Amino acid sequence: MGDDKSAMDKAKGKAKEMAGKATGNDRMKSEGRTDQAKGKAKGAMDEAKDNVQGVRDSLKDKGDDST
């Protein structure tokens, strides 16, 4: 679910940046770069959450094995 949102932000940002370049609109280019950065940050957060969940599950499984 989060991957879709981050990918959408990156695609929207790339489109804005390209439109800004084509029209010479520096503000639109900037907004596009910002949207791309937001998408990358969301993707990184989602990946970190997944990694933490994996570690949590691993530790939980180890605790279950010892009892």
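Here is a friendly set of questions and answers about this predicted model.

Reader: How are residues numbered, and what kind of model is this?
Author: Residues are counted from 1 along each chain as its sequence is written, and side-chain values use heavy atoms, with hydrogens and water left out. As for the kind of model, local features need pLDDT of at least 70, side-chain atom pairs count only at pLDDT 80 or more, and totals for chains, interfaces and linings use all residues, for this is a model that is predicted.

Reader: Let's start with the fold. How many helices and strands does the protein chain have?
Author: Helices (H or I, at least four residues) and strands (E, at least two) are DSSP runs, numbered from the N terminus. Helix 1 covers residues 2-23 and helix 2 covers residues 26-65. The count for the protein chain is two helices and zero strands.

Reader: What is the radius of gyration of the protein chain?
Author: The radius of gyration is taken over C-alpha atoms, and the globule rule is 2.2 Å times the number of residues to the power 0.38. Along its principal axes, the C-alpha trace spans about 65 × 15 × 10 Å. A compact globule of 67 residues would come near 11 Å, but the radius of gyration of this chain is 19 Å.

Reader: What share of the residues is buried?
Author: Buried means under 20% relative accessible area, exposed means over 50%, and partly exposed lies in between (1.4 Å probe, protein chains only). Accessible areas come from the Shrake-Rupley method with a 1.4 Å probe, and for residues only the protein chains shown count as cover. The chain exposes about 5200 Å², of which carbon and sulfur atoms supply 54%. Among its 67 residues, the buried share is 18%.

Reader: Which residue does Lys-42 meet in a salt bridge?
Author: A salt bridge is a side-chain nitrogen of Lys or Arg within 4 Å of a carboxyl oxygen of Asp or Glu, and the structure holds seven of them. Side chains of opposite charge can pair when their charged atoms come close. Lys-42 sits in helix 2 and its partner in helix 1, 33 residues apart. At 2.7 Å, N to O, that partner is Asp-9.

Reader: Is Asp-9 buried or exposed?
Author: Its partner Lys-42 is partly exposed, with a relative accessible area of 31%. Asp-9 has a relative accessibility of 5%, so this residue counts as buried.

Reader: Which residues does Asp-9 touch, not counting those up to four places away in sequence?
Author: Contact means heavy atoms within 4.5 Å. Asp-9 is in helix 1. With that rule, the residues touched are Asp-35, Gln-36, Gly-39 and Lys-42.

Reader: Which residue meets Lys-16 in a salt bridge?
Author: Lys-16 lies in helix 1 and its partner in helix 2, 19 residues apart. Lys-16 counts as partly exposed at 27% relative accessibility, while the partner is buried at 7%. The N to O distance is 3.2 Å, and the partner is Asp-35.

Reader: Which residues join Lys-16 and Asp-35 in one network?
Author: Another salt bridge, at 3.3 Å from N to O, brings together the side chains of Glu-17 and Arg-33. That pair also links helix 1 with helix 2, with their positions 16 residues apart in the chain. In the network, salt bridges that share partners join Lys-16 and Asp-35 with Arg-27 and Glu-31.

Reader: Is Glu-17 buried or exposed?
Author: Glu-17 is placed in helix 1, and its salt-bridge partner Arg-33 is partly exposed at 44%. Leaving aside neighbours within four places in sequence, Glu-17 is in contact with Met-28, Lys-29, Gly-32, Arg-33 and Gln-36. Its relative accessibility is 8%, so Glu-17 counts as buried.

Reader: How far apart are the C-alpha atoms of Ser-58 and Lys-29?
Author: Ser-58 is in helix 2, and counts as partly exposed at 40% relative accessibility. Ser-58 and Lys-29 are 29 residues apart along the chain, and their C-alpha atoms are separated by 44 Å.

Reader: And what separates the C-alpha atoms of Asp-61 and Lys-14?
Author: Asp-61 also lies in helix 2, and is partly exposed with a relative accessible area of 47%. Along the chain the two residues are 47 apart, and the separation of their C-alpha atoms is 42 Å.
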